[in-house]
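Subject: Structure handover

Hi,

Here is the structure I said I would pass on. Have a look at it first, then read my notes underneath.

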Amino acid sequence: MAPEGDLALVRTCLEKRPDAWEGLVARITPPLSRIARRILMRYRLPAGGGETDDLVQEVLGELLARDGAALKAYSGRDALETYLAAIASPRDYRLAGQKP
């Protein structure tokens, strides 16, 4: 999806339209899962379904935290996948600190 379409989808969520969040989650879960697996594999951590799902849920939670501040900050200037990777980055650093 082009950044314009991603931005429109994010805006529908911010307007709290029915089914908007479910649509956004359906749109971003596949790329977010790929991002999460890459982060986990970078530190040779288990990247099975549960671990990947946990990281995806953390990022989804971050999108909603502080009254949707991360959603509100998405400008559509970059692809949504790029924006999600930036949101996931702090988890990358956290995992680096947990590496045995």
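Below is what I found, going from the whole chain to the pocket and then to a few single residues.

One thing up front: this is a predicted model, and the values below are computed from it.

The overall picture

The chain has four helices and zero strands, so in sequence order you can read it as α-α-α-α. It runs to 100 residues, and 37% of them count as buried. Take the contacts between residues at least 6 apart in sequence: 65% of these join residues at least 24 apart. The accessible surface comes to about 5800 Å², with carbon and sulfur atoms making up 55% of that.

The pocket

You will probably want to know about the largest pocket. Its volume is about 200 Å³. Three helices each give two or more residues to the lining, namely α1 (3-14), α2 (20-42) and α3. Which of the elements gives the most? That is α3, with six residues.

If you want to select the lining, pick these:

- Cys 13, Leu 14, Lys 16 and Arg 17
- Ala 20 and Trp 21
- Leu 63, Leu 64, Asp 67, Gly 68, Leu 71 and Lys 72

Sorted by class, the lining holds seven nonpolar residues, four charged ones and one polar one.

Two backbone angles to look at

Since you will likely check the torsions anyway, go to Arg 66 and Asp 67. Arg 66 has a phi near 55°, which is positive even though the residue is not a glycine. Asp 67 is also not a glycine, and its phi is positive too, at about 60°. Where do they sit? Arg 66 has its place in helix α3, and Asp 67 lies in helix α3 as well. Are they buried or exposed? Arg 66 has 57% relative accessibility, so it counts as exposed. Asp 67 comes out at 56%, and therefore it is exposed too. Remember that Asp 67 is also one of the residues lining the largest pocket.

A buried threonine

Thr 52 is another residue of helix α3, which spans residues 49-73. How much of it is accessible? Its relative accessible area is 3%, and because the cut-off for buried is under 20%, Thr 52 is buried. Leaving out residues up to four places away in sequence, Thr 52 touches Ser 33, Ala 36, Arg 37, Leu 40 and Ala 47.

The aromatic pair

A pair of aromatic rings is described by the distance of the centres and the angle of the planes. The count here is one aromatic pair. Its rings belong to Tyr 74 and Tyr 83, with centres 5.2 Å apart and planes at 55°, so the pair is tilted. Why not edge-to-face? Because that label needs planes over 60 degrees apart, and the planes here are at 55°. Tyr 74 has 5% relative accessibility, so it counts as buried.

Far in sequence, 8.3 Å in space

Last one: Glu 4 and Arg 77. They are 73 residues apart in sequence, and the C-alpha to C-alpha distance is 8.3 Å. Glu 4 belongs to helix α1. With 59% relative accessibility, against a cut-off of over 50%, Glu 4 counts as exposed.

Cheers

Notes
Residues are numbered from 1 along each chain as its sequence is written. This is a predicted model: local features need pLDDT of at least 70, side-chain atom pairs count only at pLDDT 80 or more; totals for chains, interfaces and linings use all residues. Side-chain values use heavy atoms; hydrogens and water are left out. Buried means under 20% relative accessible area, exposed over 50%, partly exposed in between (1.4 Å probe, protein chains only). Contact means heavy atoms within 4.5 Å. On a 1 Å grid over the protein atoms alone, a cavity is a set of points where a 1.4 Å probe fits but cannot get out, and a pocket is an open set with protein on both sides within 12 Å along at least five of seven lines; lining residues have an atom within 4 Å of a point. Grid points are joined across faces, edges and corners, and a volume is the space filled by probe spheres set on the points. Ala, Val, Leu, Ile, Met, Phe, Trp, Tyr, Cys and Pro count as nonpolar, Asp, Glu, Lys and Arg as charged, and the others, Gly among them, as polar. Accessible areas come from the Shrake-Rupley method with a 1.4 Å probe; for residues, only the protein chains shown count as cover. Rings of Phe, Tyr and Trp (its six-membered ring) pair if their centres lie within 6.5 Å; planes under 30 degrees apart count as stacked, over 60 as edge-to-face and the rest as tilted.
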